[in-house]
Amino acid sequence: MFNMNEMAGSHDILMITLDTLRYDAAVLEEENCPNLCGGGHWEKRHTPGSFTYAAHHAFFGGFLPTPATTNKSEHVRLFHSKNTGLKTHPYTWQFDSTDIVSGLQAEGYRTICIGGVIFFTKKVPLAKVLPGYFQESYWRMTFGVTNPRSTEHQVNHAIKLLQNSDQAERLFLFMNISAIHGPNHYFVPGAKKDSVETQRAALRYVDGELGRLFHAFRERERPVFCMAFSDHGTAYGEDGYNGHRLAHEVVWNVPYREFIL
């Protein structure tokens with residue numbers, strides 16, 4: 001259990017959403033993901049939203065995925081808005097703003113977003129909302145779901161920002177990884193449609209690229225607190241359902257990890 005009051009201000013903070021990653025797919029690939037799972041296992045959690053736009057509004061409001069258990073009293077939230085009248089744990093960091101991004105900015109963090117899926121493209125007003133939380137936001141066509149090397153391009157951009165940043169400044173870097181979101185069939189040669197197997201292959205690719213990002217963060221002066229989790233899952237025909245933005249356990253169950261780099 002991490003004390004977020006000790007992390008906020010002393011650590012760089014890295015938040016990664018592995019867009020559309022199913023919990024079952026993530027667990028099946030644990031042994032093949034040394035960067036995301038080298039120090040532990042995926043925790044099964046419930047997402048607050050069934051698709052990217054809804055889920056990320058909750059995340060930035062401090063509502064991260066919650067443990068998939070009926071005993072919610074054991075769950076300690078990392079973030080919580082101040083002055084709500086609700087009891088909070090001593091380890092919970094409280095922000096005095098509408099969201100954790102501006103809350104961290106008020107604490108002296110430089111806030112950066114590297115987008116992936118359509119809601120981060122900034123091409124239309126709706127797609128400017130989530131990036132608009134941040135002081136800096138970046139999106140390129142090469143970061144999107146149609147590029148089979150999207151994570152490579154996202155990580156390259158992040159590393160350039162890290163290398164050009166002041167070692168003394170505190171960073172909050174958010175990255176929305178698009179590669180696991182459909183279409184992902186091109187990660188398995190010969191596959192014609194997306195499936196759990198092609199999503200697993202996409203996750204292996206993503207983990208390999210994130211290793212370079214983690215290495216770049218480790219070269220900075222301050223330690224890094226990392227949160228990596230899915231915003232929602234997706235259905236591949238279970239009970240007749242396909243896609244997400246629907247109420248099915250393959251959508252609501254998501255993998256979650258938090259660790260120090």
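**Figure 1. Buried salt bridge between strands β6 and β7.** E136 and R110 are both buried in this predicted model. Their side chains form a salt bridge with an N to O distance of 2.6 Å. E136 belongs to strand β7 and R110 to strand β6, and the two residues are 26 apart along the chain.

**Figure 2. Salt bridge between E29 and R204.** The N to O distance in this pair is 3.0 Å. E29 sits in the loop between α2 and α3, whereas R204 is part of helix α7, so the salt bridge ties together parts of the chain 175 residues apart in sequence. E29 is buried, at 1% relative accessibility, while R204 is partly exposed, at 37%. Shared partners join E29, E197, R200 and R204 into one network of salt bridges.

**Figure 3. Salt bridge between E238 and R22.** The structure holds 12 salt bridges; in the one shown here, the closest N and O atoms of E238 and R22 are 2.9 Å apart. E238 is in the loop between β10 (235-236) and β11, R22 is in the loop between β1 and α2, and 216 residues separate them. R22 counts as buried, with a relative accessible area of 2%. E238 counts as partly exposed, with a relative accessible area of 21%, because the limit for buried is under 20%.

**Figure 4. The largest nonpolar core.** This core has 43 residues, and those with the most contacts inside it are L14, I16, L18, L36, L210, L213 and F214. Elements that each supply at least two of its residues include β1 (12-18), α6 (150-163), β8 (170-177) and β9 (224-229). Helix α7 gives the largest share, 11 residues. F214 touches L14, I16, N35, L36, C226, F259 and L261, leaving out residues up to four places away in sequence. Another core lies apart from this one and has 30 residues, including F60, Y109, F172 and Y256.

**Figure 5. Surroundings of R245.** R245 is located in the loop between β11 (242-243) and α8 (249-252). With a relative accessible area of 62%, R245 is exposed. Beyond its neighbours within four places in sequence, R245 contacts S50 and F51. The C-alpha atoms of R245 and G49 are 8.1 Å apart, although 196 residues separate the two in sequence.

**Figure 6. Nonpolar surface patch at V124, L126 and V129.** These three residues make a patch of about 230 Å². L126 is in the loop between β6 and β7 (136-138) and is partly exposed, at 45% relative accessibility.

Key: Residues numbered from 1 in each chain as written. Predicted model: local features only at pLDDT ≥ 70, side-chain atom pairs only at ≥ 80, totals over all residues. Heavy atoms only, no water. Core = buried A, V, L, I, M, F, W, Y, C linked by side-chain atoms within 4.5 Å. Buried < 20%, exposed > 50% of the residue type's maximum accessible area, 1.4 Å probe, protein only. Helix = DSSP H or I, 4+ residues; strand = E, 2+ residues; numbered from the N terminus. Contact = heavy atoms within 4.5 Å. Patch = residues over 30% accessible without salt bridge, like charges linked within 9 Å, V, L, I, M, F, W, Y side chains within 5 Å. Areas by Shrake-Rupley, 256 points an atom, 1.4 Å probe, with all protein chains shown as cover. Salt bridge = Lys/Arg side-chain N within 4 Å of Asp/Glu carboxyl O.
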